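Here is a short report on one protein chain. Keep the sequence and the 3D view open while reading.

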Amino acid sequence: EYVAAHVAGVFSLEDAFGLLLLRSELMGALPAGGAMLALQGPTPRLAALCGQLPAGLEVAAFNSPEALVVAGPQDAIEALARQCDGDGIVPRQLPVSHAFHSAA
């Protein structure tokens, strides 16, 4: 994003690097914790699941009608993965350092 903004003339090279450095410092300062779970399955099943996510979990991304990502506390992610496994939805925990796109 910063490279594209620089190439488009929005940022000088120094400003683009400065923003990249600042973002990197902010990401490094985030508290550790949280998890993310990719879910793949039939659209109706995923839609129903979105309406009844356990407390603390949030939809982090819709990747396609058959794929979404939820984020939140590690224990809630693990419980949801067990619930979905074998229920027509394939869960896959993502190797992340934080529960991005969520309040966790």
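The text below goes from the overall shape to the sheet, the helices and the cores.

**Overall shape**

This is a predicted model. The chain has four helices and four strands. Along the sequence they follow the pattern α-α-β-α-β-β-α-β. The radius of gyration is 17 Å, well over the 13 Å that the globule rule gives for 104 residues, so the chain is more spread out than a compact globule. The C-alpha atoms fill a box of roughly 50 × 30 × 20 Å along the principal axes.

The chain is divided into two domains: domain 1 covers 1-30 and domain 2 covers 32-103. Their centres, taken over C-alpha atoms, are separated by 30 Å. Of the 104 residues, 27% count as buried. Contacts often span the sequence: among those between residues at least 6 apart, 63% join residues at least 24 apart.

At the start of the chain, Glu 1 lies in the segment before helix H1 (2-7). Is Glu 1 buried or exposed? Its relative accessibility is 79%, so Glu 1 counts as exposed. Glu 1 and Gln 74 are 73 residues apart in sequence, and their C-alpha atoms are 30 Å apart in space.

**The sheet**

Four strands form an open sheet in the order S2-S3-S1-S4, with antiparallel pairing. Strands S2 (58-64) and S4 (90-94) are the edges, each pairing on one side only. On average, neighbouring strands are turned by 25° against each other, direction ignored.

Strand S1 (residues 35-40) has partners in both S3 and S4. Six bridges join S1 to S3 (residues 67-72), and the two run antiparallel. Five bridges join S1 to S4, again antiparallel. The table lists three residue pairs across these strands.

| Residue | Opposite residue | Strand of opposite residue |
|---|---|---|
| Ala 35 | Gly 72 | S3 |
| Leu 39 | Leu 68 | S3 |
| Met 36 | Leu 94 | S4 |

Why is S1 described as largely enclosed by the rest of the structure? Five of the six residues of S1 are buried, so the strand fits that description.

**Helices on the sheet**

Helix H3 (residues 43-50) lies across S1, S2 and S3. Helix H3 runs at about 20° to S3. Helix H4 (residues 74-84) also packs on the sheet, where H4 touches S1, S3 and S4. The direction of H4 makes about 20° with that of S1.

**The cores**

In soluble globular proteins, nonpolar side chains tend to be buried together. Here the largest nonpolar core has 15 residues. Those with the most contacts inside this core are Leu 37, Leu 39, Leu 49, Val 70 and Leu 80. S1, H3, S3 and H4 each supply at least two residues. Which element gives the most to this core? H4 does, with five residues.

What does Leu 80 touch, leaving aside residues up to four places away in sequence? Its contacts are Leu 37, Leu 39, Leu 49, Leu 53, Pro 54, Leu 57 and Val 70.

There is also a second, separate core of seven residues. Among them are Ala 60, Val 69, Leu 94 and Ala 99. Leu 94 is also the bridge partner of Met 36.

Conventions: Residues numbered from 1 in each chain as written. Predicted model: local features only at pLDDT ≥ 70, side-chain atom pairs only at ≥ 80, totals over all residues. Heavy atoms only, no water. Pairing = 2+ DSSP bridges. Axes fitted to C-alpha atoms, helices over the stretch in contact; angles between N-to-C directions. Contact = heavy atoms within 4.5 Å. Domains from an automatic or database assignment. Buried < 20%, exposed > 50% of the residue type's maximum accessible area, 1.4 Å probe, protein only. Core = buried A, V, L, I, M, F, W, Y, C linked by side-chain atoms within 4.5 Å. Rg over C-alpha atoms; globule rule 2.2 N^0.38 Å.
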